[in-house]
Structure formats: structure tokens, C-alpha cells
Amino acid sequence: MTARAAPRAMVLGCAGLALDDSERRFMADADPAGFILFKRNCESPAQTQALIESLRDAVKRADAPVLVDQEGGRVVRLGSPHWREPPPPGLLGALARIDETAGVRAAWLNARLMAADLHGLGFSVNCVPVLDLRFAGASKVVGDRSLGADAHVVARLGRAVADGQSAGGVVPAIKHLPGHGRAVADSHAVLPHVDAPLEALRARDFVPFRALRDVPVGLTAHVRYAALDPERPGTLSPDVIERAVRGAIGFDGLLVTDDLSMGALTGSVGARAAAALAAGCDLALHCNGKREEMEDVAAAVPALTGPARERFGRMLAARRPPEAFDDAEGLRELNALLARVAPQ
């Protein structure tokens, strides 16, 4: 953070592989707290690094966080031929089911290797680990993105992922608070409903999130939890955020919404952003890079202040230089461990 006015409480995407002059001016005027990149933005190492540098230059903050979802498996933004495509988290969980110690080691190695790719490009936050549990009959939107069904094993694997990211100089971000695993619908398209009683959520779904409540960043779930708020999705619900995320789970890190352009939410994206911040989220996340929608969000979002600004500062301070690591040897060890399980 610089001495000038605080940035706006939002994270924005961008349209393509480079900023044009109009987009650069918009980012400078809107002054988002950070940015997020997707596959459409990442063609090659040199191009991706240049785009990240141009985004930070537009807002005149060299430490402006740049986020990415590099989970592995179905969710990768950086892939071949320039980058290793990490395995799905479910494969790490499968290894843990036969040898938990080996699964934890593989989770750390995989995360450390991902961080090596991301840090070299200039990314500062990777939205992993996914701590949503795997439930029979639930929507496939989670599926093998989950580390497994056992809450305590997922917590151990999730900690290894977070530690591997941190050791590689990248800040981890847990998702999707307070748990998307039970949802039988895909929140990218419609609003899922979870009818489980609060006692069941506390006993299982919340467990890995509570175990990793010290991670600096967390993303919300666009899910309606009948036991907490029968009307509003978690991202827009003060009850879900206060009673579950900040309360039962005890998360006091920077709380970022899931993508506000997803189909689970209704109303204008600006109204969604305002409602999310009013509910207790710290940053509004908008991902698709559409200018008109970004302008709507920017008009609805104030500058970072109060506890949200303090949490943002803690997140910036959490990024450390990478620790020494032999990438080639780490990859050999990871491949040997994963050879013990078949792809999911």
C-alpha cells in the first residue's frame, strides 16, 4: 500500500493477452486492489509476465496482488506447452487413502512446483487449496477438485498445499468458505441449496476450513445454506459470513467473493458487489474482463478501509521470497509418488 488513497475493494480480470490503451486508463481510474488472470490471458511466459507488469504499472503499485486459479486437473490457467499441468487434487487424495504420509508429501511437492511456475511470472496469490469435501451425489463442479471426503485428511492435505505455496513465494487462498461440497448444482450456472443442519456442517464441512483458518486469504461460496440463511447465498449473507465464516470457522483473513459474474447470483454485478461487501466480504471479485460489468462494479465499490484494509495489508505482508528447492528433484519425487495411484 502506498501513501495515496487506498485502492478500491475489488479484484478485476482483463480481456485478453495485453492491455490496450483504453483498458489501461480504466484500470488506472478504477484502481482495483488486485487482479486475476485466466487461460485467455496466459499464452506464454514472456507475454504473461509482461501483462502482470502492465497491470501493476497501471495502478502504480508494484505489490498489487495478481491472483490465479491453478488447482490442477480440470482447473488450470497455465498449461502445455509452456507449463507443467498439475494433477487433479483428487489424485493426491487417492494417494492419501492408501498412504496418508505419502499423500501429504505429494501435496506439498505439487504445490511447491506450482508456486515455482507462478512466482517466476509475477503471480502473488494462487486460489488453492480447495477445501470443499467430496460428497456422493453432489454436483460434479467439485468432484476431483476436492482432496477427498474425510474432513481431517483433507485438512492435512490442504495444509500441505498451503505450505508448499508459501514456501514457493505464493500466498495460498482457501475456498469455498464455508463449504461447497454438498451442493447438488453448479454455482457457475444456478444457485445451489444445502439443507444439512448446522450441526452436520460444523461436524464435517467446516472442519478443514477451521484447520486452515490462519491462511491469509479465503474465497466464499455462492451457496444457500438453509441452516444459516434460507434466503441469501453465502457470499451475500451477513449470517453466513458472521456465524459460519468468521464465527464457527474462525477465519479472520482477507475474505474475497467468488466470481460475481457467476449464474448463482442475480441482479447487476454492481448490486452484487455492494451486497457482498455489506454482508462482510472484504473484496469483490469480478473475473470475465467485460468492461461494462467492471465499470458497474467499480461504481458500486468503495476504497478499502477499516478491518478490510488491515486484512489486505496482512495478506501483502504474508508473501515471502521462495525457499531453496530443487525443481527437477522435486518433480521426480512427485512422479514416483503419484505412480502408485491411477488417475481419477
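Helices (H or I, at least four residues) and strands (E, at least two) are taken here as DSSP runs and numbered from the N terminus. By that convention His-176 is placed in strand E5, and the peptide bond leading into His-176 from Lys-175 is cis, with omega near 0°. The model is a predicted one, in which local features need pLDDT of at least 70 and side-chain atom pairs count only at pLDDT 80 or more, whereas totals for chains, interfaces and linings use all residues. Residues are numbered from 1 along each chain as its sequence is written, and side-chain values use heavy atoms, with hydrogens and water left out.

**Backbone features**

A cis peptide bond also joins Val-128 and Pro-129, with omega about 5°, and Pro-129 belongs to the loop between strand E4 (125–126) and helix H5 (151–167). Positive phi values occur at the residues tabulated here.

| Residue | Phi | Location |
|---|---|---|
| Asp-31 | near 50° | loop between helix H1 (21–30) and strand E2 (32–37) |
| Lys-60 | near 60° | loop between helix H2 (45–59) and strand E3 (66–68) |
| Gly-250 | positive, near 80° | follows H7 |

Asp-31 and Lys-60 are residues other than glycine. On the scale used for accessibility, buried means under 20% relative accessible area, exposed over 50% and partly exposed in between, with a 1.4 Å probe and protein chains only. Asp-31, at 9% relative accessibility, therefore counts as buried, whereas Lys-60 is exposed, with a relative accessible area of 57%.

**The nonpolar core**

A nonpolar core is a set of buried Ala, Val, Leu, Ile, Met, Phe, Trp, Tyr and Cys residues joined through side-chain atoms within 4.5 Å. The largest such core has 115 residues, of which Leu-37, Phe-123 and Leu-283 touch the most other members. Helix H4 (residues 100–121) gives the most to this core, with 10 residues. With contact taken as heavy atoms within 4.5 Å, and residues up to four places away in sequence not counted, the residues touched by Phe-123 include Leu-37, Cys-42, Ile-52, Leu-118, Val-170 and Arg-319.

**Helix packing**

Helix H3 (residues 89–98) packs with H4 at an angle of about 155°, their axes lying 5 Å apart; the axes are lines fitted to C-alpha atoms, for helices over the stretch in contact, and angles run from 0 to 180 degrees between N-to-C directions. Angles over 145 degrees count as roughly antiparallel, those under 35 as roughly parallel, 65 to 115 as roughly perpendicular and the rest as oblique, and H3 and H4 are therefore roughly antiparallel to each other. On the H3 side the contact is made by Leu-92, Leu-95, Ala-96 and Ile-98, and the residues of H4 that take part include Glu-100, Ala-102 and Asn-110.

In helix H7 (residues 238–248), the buried residues include Val-240, Ile-241, Ala-244 and Val-245. The elements that cover the buried residues of H7 include strand E5 (171–177), helix H6 (198–211) and helix H10 (306–318).

**Cysteines**

A disulfide is a pair of cysteine sulfur atoms within 2.5 Å, and a search of the whole structure finds zero of them. Cys-42 is in no disulfide, the nearest cysteine sulfur being that of Cys-14, 8.5 Å away; Cys-42 is buried, with a relative accessible area of 8%. The sulfur of Cys-287 lies 8.3 Å from the closest cysteine sulfur, in Cys-127, which is too far for a bond, and Cys-287 counts as buried at 5% relative accessibility.
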